[in-house]
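User: Could you take a close look at one part of this model for me and then show how the rest is built? I work at the bench, so please explain the terms as you go.

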Amino acid sequence: MLADRTTLTRFLAEDRRRHPADGEDPSPLILEVAQACREIAARVALGALRDPATGAGEVNIQGEVQHALDVIANDHFLSAGERSGHVAGMASEELAEPVCRTRGGFLLVFDPLDGSSNIDVNVAVGSIFSVLRAPEAAVAPRDFLRPGTAQVCAGYALYGPATVLVLTVGRGVHAFTLDPGSGEFLLTRESVRIPRHAREFAVNVSNRRFWEPAVRRYVDECLAGLAGPRHKDFNMRWVASLVAEAHRILTRGGVFLYPRDTKEPAKPGRLRLLYEADPVAFLVEQAGGAASTGRDRVLDVVPSDLHQRVPLIFGAAEEVALIDRYHRQFNDGPHDSPLYGTRGLFRVAVG
C-alpha cells in the first residue's frame, strides 16, 4: 500500500533524529531539490507536446548546444536553491560562473539535465546534484573547488517510466519513487548495495581506437567471454546518459567506463568532476562500490576548475580495482598480452 510507505520528508526527519549533527540541516534544501525534480519530470513527460522555450540552440560554457529543457531544468534548480533559504552559492553545468549569495550554509552544484541529447528519442534522462557546506565568510568561486570527500549529500533523479530520486546523506543509498497521485517521493529501496561481482560493463566501444592499453585489455577480456581469461560471459551496455548508467549499476551491478582517451588530447576526461563524477562516486561508494579515474579515487581529486573534466570508472569494487591495476601495469609499457595484442578483438588482420 502506498499509504504505508515512508515519504522523503519523513525519511529525512527520522534520519536527522537518529543522527543529530552539528551544523545546519540540509533537509530543507534536499526537499526543495526534490520539488525541482518533480517539476522537471513533468516537463520531460510532455515529450513532443512541450512548448518551445528560449535558450535552445545556444552554446553553453561546455561548448555544447543547449536544448530547451537544459535551460528550463537549470532555472528550476536555481529557484529551488533560492526558495530553500539555505544556499550561499550554486554552480551548474549551464553557467559559466557560480551564483553567490550572502546567506545560507550550503553550496549546491548540479547538472540540471544529464543526457539531454537523448530527449528527442525518448530515452531516460536525469538530474545530478551535490551539496557541500559553505564557508562562514562570503562565498567566492574558489570555495567550490573541494574534493568529493567534502560532500554533505548527493543524489540524482532519473526521469524514466517512473521518476526515481536516489539519495545519500553519507549513511547509505536510498531510492524514492515519485507517486504521481500524491506528488510525494516514497521510499522504495533502502540501503542499496552494488553486487561485488559483475557480468555487465558499459562503455562506448566506438572510441576503442583512442583508448589506453589498460582499457583495451579490460574490454577485450570481457568480450572474450567464457573462453577468455575472465572465464565468464559479460553483457555490454551503453545508454549515453550517466544517470541511466548509474541507476542500472546501483540496481543490478556491473561497471561503467568513460576513460581517458586521445580523441581530444586537450580533454583528459569527458565527465565534469564537481557535478557529475563526484556525486556519482559518493553514491557508488556509499553502496559498497568504487569509483576511480583509472589512477586515483575520484573523491580524492581536488578540482582546479569549476568545470574540470575527468575520466570516470565506477561500479563493482572488484572490477574497478582490476581496471586500476591494469592502468598501473599496462599503460607505461607495451601492451604485450599474447591474446590481446595491438590487433585486439575489433581489428582485422591484414595480409
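Analyst: What follows starts at one helix and then moves on to its neighbours and to a separate sheet.

This is a predicted model, in which local features need pLDDT of at least 70 and side-chain atom pairs count only at pLDDT 80 or more, while totals for chains, interfaces and linings use all residues. Residues are numbered from 1 along each chain as its sequence is written, and side-chain values use heavy atoms, with hydrogens and water left out.

Let's begin with helix α3, residues 68-84. Helices (H or I, at least four residues) and strands (E, at least two) are DSSP runs, numbered from the N terminus. The 17 residues of α3 reach 25 Å from the first C-alpha to the last, close to the expected 24 Å (1.5 Å times one less than the number of residues). Just after α3 comes G85, with a positive phi near 70°.

How many residues of α3 are buried? Twelve of the 17 are, which leaves the helix mostly covered (buried means under 20% relative accessible area, exposed over 50%, partly exposed in between, with a 1.4 Å probe and protein chains only). Among them are L69, V71, I72, F77 and L78, and the buried set also includes D70, N74 and H76. For comparison, 56% of the 351 residues of the protein chain count as buried.

What do the buried residues of α3 pack against? Their partners are helix α2 (27-45) and the strands β1 (87-92), β2 (99-100), β3 (106-114) and β4 (125-133) (contact means heavy atoms within 4.5 Å).

One of those partners, β4, is mostly covered too, with eight of its nine residues buried. Strand β3 runs antiparallel to β4, and seven bridges join them (two strands pair if DSSP finds at least two bridges between them). D114 has G126 of β4 as its bridge partner. Strand β5 (residues 151-159) also pairs with β4 in the antiparallel sense, over eight bridges, and there L132 stands opposite Q151.

Another partner, α2, packs with helix α1 (residues 8-18) at about 165°, their axes 10 Å apart. Axes are lines fitted to C-alpha atoms, for helices over the stretch in contact, and angles run from 0 to 180 degrees between N-to-C directions. The two helices are therefore roughly antiparallel (over 145 degrees; under 35 is roughly parallel, 65 to 115 roughly perpendicular and the rest oblique). L8, T9 and L12 of α1 meet S27, I30, L31 and A34 of α2 in this contact.

Elsewhere, five strands form an open sheet with mixed pairing, in the order β10-β9-β11-β15-β13. Its edges are β10 (235-237) and β13 (290-292), each paired on one side only, and the twist averages 15° from one strand to the next. Helix α5 (residues 242-252) packs on this sheet, touching β9 (200-202), β10, β11 (255-258) and β15, and its direction makes about 30° with that of β15. Helix α6 (residues 273-286) lies across β13 and β15, at about 20° to β15. Three bridges pair β13 with β15 (residues 312-315) in the antiparallel sense, with S292 opposite I313.

Stepping back, the protein chain holds seven helices and 15 strands. Of its contacts between residues at least 6 apart in sequence, 65% join residues at least 24 apart.
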